[in-house]
Amino acid sequence: MTTFATSSLALNATAASITASYRDFVQKMTVGFESIGWVNTNAVGTINTSSFAISTVSGSSVGYQVWRFNDDLHNTNVAPVFVKVEYCNLGSTTVLGSGYYISVGSVHDGFGNVGFNSSSVGPTPRLAAGTTALQSGTLYPINLCAISGGSAVGVTAYSNASAGVFLVERSLDFNGNYTADYVSIAVFDAYNNRSRQTYFRYNRQDFSPRVETAISALTSTTTVSAYANNVAINMAIPIVPDGYGYPSRMLGFVLSNDFALGATHQITMFATQSTFFVPNITSALTSILNRNTSALSACRVAIRYE
Amino acid sequence: MAYNQTISVTNLAYAPVVSEWIGAVRNAFLSCSFVRIPQSGSVDDLTTLGVRTAQRQQITYDVFAFNDALQATTPLFIRIRYFSGGAPGSMCLNAQMGNAHNGSGSLTGTSVTTEIENGSTTAASPVSGANVIASGDGSYLTLINTPQDTRSGQVLLFERLYNANGQPVSGGFHLCGTSGGSTVNDFTSQVSYSGSSPAPRQTNGPVFLKPTANPALYDGRLLLGLIFPYAGFPLNPTPNMLLATSTEVSPYQLLKYTVYGQERTYRNSAISSFAAAANPFTGAQILVRED
C-alpha cells in the first residue's frame, strides 16, 4: 500500500541576518525531511542547524545531513537509498540563495560519505538545487512529498520568481511500481538557472553515472492542450544507459493555461488517480526542461502532493 | 520501401522543373505503396502543366490512399496540393490527412487535419541535384523535400497511430512536418482520432523527448529523441521520425536505431534553419525512417 506524507513550511527571510535566514531554511528543510518520513542517520559531522556558520563563498557547502529512505526496498536491504544533502548559500555574504546539493548512494559509512556497494558504480554526482536571492520579510513556502517514506519530490523556498526543485525517485516498472534497478535524481537551481538529472544504478559496474544538463520530459507547447477532456501533466523521464525509463510519479510540468496555479489537480497515471500541486511560480522555470525555451514561456512545475 | 529521386535542375525555367518535381513527389508516394485516387481536376499528364509565374499558385493536386490492412475498415487519405513557390522552379507543397474524400480534391468528414504548407513560399531557389526522398509501406510515409537546399528543405510524416508494440492501429492518425519560407518557420504535429475532430495542433514543434546531450553516448549508444503524437496526453511514440543533435549526426547520414524493439534505418534530413519558436532545441536534426 502506498502512503504519502507531505510537508509545507514557510521560510521567513529576514533582513536582520543572512545567517539567521539561512539557518531557518536549513531547519525548515530538516523538519520537512523528517515529516515526509525520511530518517536522519545522524552521521558524524552532521550540520548543527542552529549554530553553523554561513560560507562567504557562493555554493560552498556549510554542512551536511545524510538521510535514508524508510520504504520497503530500503528496510529489507534490497535497494538501500542514502541521500546526502549538503547545504550551501548560492548567493553571497549579502544575498541569500537557499541552496543545497543532493547526492545518492546505496551505502553510508556513518561519516557523511555516501557510496556504493561492491557491485555498483556510484555514488551519483552531487547536484545543486536552490533559489535566487531571497527578499527580506517574505514568506517562502517549502513543499515536500514522499511516497512511503522513500521516493520524494520537493519545491523549496519558492516565490513567483524562483524555486529550488529536487526529485529523488526509484525506478519504476510498466505498472508504476517502484523497482530496485536504479534511483533517478533531478534538480533545478534557480540561482544559476540550470537543471540537471542523473541516476544511481544498483548492481551495475559497467558505466558510471552521467549528468544530463536538463530534466528530460515531454512537453506540449500549445495551450490549451486539453483534448477530449484530457490534459497532461508531463512527467520527468529518467535517462539511464539502458534507455529512457518509465516516467516519474512525482515530478512533472504543465502549461499555465492548462492548470490553475497554486492549486491541486487530480490526474490519472499508471491507472491510479493521483494529486498534483502546481506551485505559483510564474517565471524562472523555462530552463528547467530540455527544449527550446522560446516555446516554453508558460511552462510550470507540478509535484505530487497528497 | 525507400524512394530517392534526384531532380536534375538544369533549367530554372518554371515548367520543366515543376513537372519533374511534382512527378518525383507523386512517384514517391506510389513507390511507397500508396495508391493515387483519381480526382476530377487532378492532372494525370504532368507534361501538360503550364508555366506558373505567380507565387503561391496551385498547379495541381493528388489524393493518395493508405494501402495497408487497416484501409478496408478505417480508410485514410492524404491530399497533396502543389503550388508554385516564390522563385523560378521552387515548389510549395500543402499536405493534409483525413478519413474520406469527395472525389474532387477535398478531404471530407470530421477528421481532417490542418494543412501543412510544406515548402518554400519565398525566394528559395532549388539547386541542381535536389532530392525527393521518401520511405513508406502503405501505413506510413516519410518525405524529405529538396534536402540540398536547407532554406526550402522540408520534411513530412504521415502515419497511423501505433500501439505499445509498435504496430499501426485503426484508431487515429498523425501528421507531422515542417513548413515555412526561407527558414523552417513551423514544425507542427497534429493527431486526429478517426471520426473525431483533430486534437489541438502542436505548433512550436511536436511533443518530444530530447536526445541525450551530456554525454551523447550512453554505454557507447546514442539515445535519440522520440516524437509523441499528442491528444490531450502523449500517445505511443512514432517509429518513423526521430530527433538527434547536429554534433552527433552528419547531414543526410543513414544510421540504424531501434524503436519498439525493431532496428530500422533512419536518414538525417539535415533540415535546419529553424525559426526560434519552431526549433526543438539547439542543434536539432530531424531523422526520418528510410527502409
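This report covers the cores, aromatic pairs, cavities and pockets of a two-chain model, and two of its buried residues. The model is predicted.

## Nonpolar cores

The largest nonpolar core holds 45 residues. Within this core, A:F25, A:F33, A:W38, A:Y87 and A:F166 touch the most other members. Helix α1 of chain A, residues 18-35, gives the most to this core, with five residues.

A:F33 shows what such a core residue meets. Beyond its neighbours within four places in sequence, A:F33 is in contact with A:W38, A:Y87 and A:F166. Its contacts also include A:Q65, A:W67, A:V85 and A:L144.

Another core lies apart from the largest one. This other core has 32 residues, among them B:L76, B:Y82, B:L141 and B:L156.

## Aromatic pairs

A pair of aromatic rings is described by the distance of the centres and the angle of the planes. Over all chains, the count comes to 19 aromatic pairs. Two of them are set out below.

| Pair | Centre to centre | Angle between planes | Class |
|---|---|---|---|
| A:Y22 and A:F25 | 5.9 Å | 20° | stacked |
| A:W38 and A:F69 | 5.7 Å | 35° | tilted |

Why does the pair of A:Y22 and A:F25 count as stacked? The planes of A:Y22 and A:F25 meet at 20°, and planes under 30 degrees apart count as stacked. Both residues lie in helix α1 of chain A. They are three residues apart, about one turn of the helix. A:Y22 is buried, with a relative accessible area of 0%. A:F25 is also buried, with a relative accessible area of 0%.

The pair of A:W38 and A:F69 is tilted. A:W38 lies in the loop between α1 and β2 of chain A. A:F69 lies in the loop between β3 and α2 of chain A. The pair therefore ties together parts that are 31 residues apart in sequence. A:W38 counts as buried at 3% relative accessibility. A:F69 is buried, with a relative accessible area of 0%.

Ring pairs also build a cluster. Its members include A:Y22, A:F25, A:W38 and A:F69. A:F33, A:F52, A:W67, A:Y87, A:Y100 and A:F166 belong to the cluster too.

## Charges over rings

Two rings of chain A carry a charge over the face. A:K84 lies over the face of A:Y64, at 4.8 Å from the ring centre. The charged end of A:R249 sits over the ring of A:Y178, 5.0 Å from its centre.

## Cavities and the largest pocket

How many cavities of 30 Å³ or more are there? The count comes to two. The largest cavity contains about 90 Å³ of space. It is lined by 13 residues, and A:S184, A:A186, A:Q197, A:I237 and A:P238 are the closest to its centre. Strands β11, β12 and β13 of chain A each supply at least two residues of this lining. The largest share, three residues, comes from β12(A).

The largest pocket has a volume of about 1700 Å³. Its lining counts 49 residues. The closest to its centre are A:I237, A:G245, A:Y246, A:P247 and B:F228. On the side of chain A, β12, β14, β16 and β18 each give two or more residues to the pocket lining. On the side of chain B, β15, β16 and β18 do so. A:I237 is named among the closest residues for the largest cavity and for the largest pocket.

## Two buried residues

B:E159 is found in strand β10 of chain B, residues 154-162. Is B:E159 buried or exposed? B:E159 is buried, with a relative accessible area of 0%. Leaving out residues up to four places away in sequence, B:E159 touches B:F66, B:M97, B:S139, B:Y140 and B:F173. Its contacts also include B:H174, B:P229, B:T238, B:P239 and B:N240. B:V18 is 141 residues from B:E159 in sequence. Their C-alpha atoms are 27 Å apart in space.

A:H74 is found in helix α2 of chain A. At 8% relative accessibility, A:H74 counts as buried. Leaving out residues up to four places away in sequence, A:H74 touches A:R68, A:F69, A:A79, A:P80, A:V81, A:F82 and A:R170. A:H74 and A:S256 are 182 residues apart along the chain. Their C-alpha atoms are separated by 37 Å.

Definitions and conventions: Residues numbered from 1 in each chain as written. Chains lettered and ligands numbered in written order. Predicted model: local features only at pLDDT ≥ 70, side-chain atom pairs only at ≥ 80, totals over all residues. Heavy atoms only, no water. Core = buried A, V, L, I, M, F, W, Y, C linked by side-chain atoms within 4.5 Å. Buried < 20%, exposed > 50% of the residue type's maximum accessible area, 1.4 Å probe, protein only. Helix = DSSP H or I, 4+ residues; strand = E, 2+ residues; numbered from the N terminus. Contact = heavy atoms within 4.5 Å. Phe/Tyr/Trp six-rings, centres within 6.5 Å; stacked < 30°, edge-to-face > 60°. Lys NZ or Arg CZ within 6 Å of the ring centre and 35° of its normal. 1 Å grid on protein atoms, 1.4 Å probe; cavity = no way out; pocket = protein on both sides within 12 Å on 5 of 7 lines; lining within 4 Å. Points joined across faces, edges and corners; volume = space filled by probe spheres on them.
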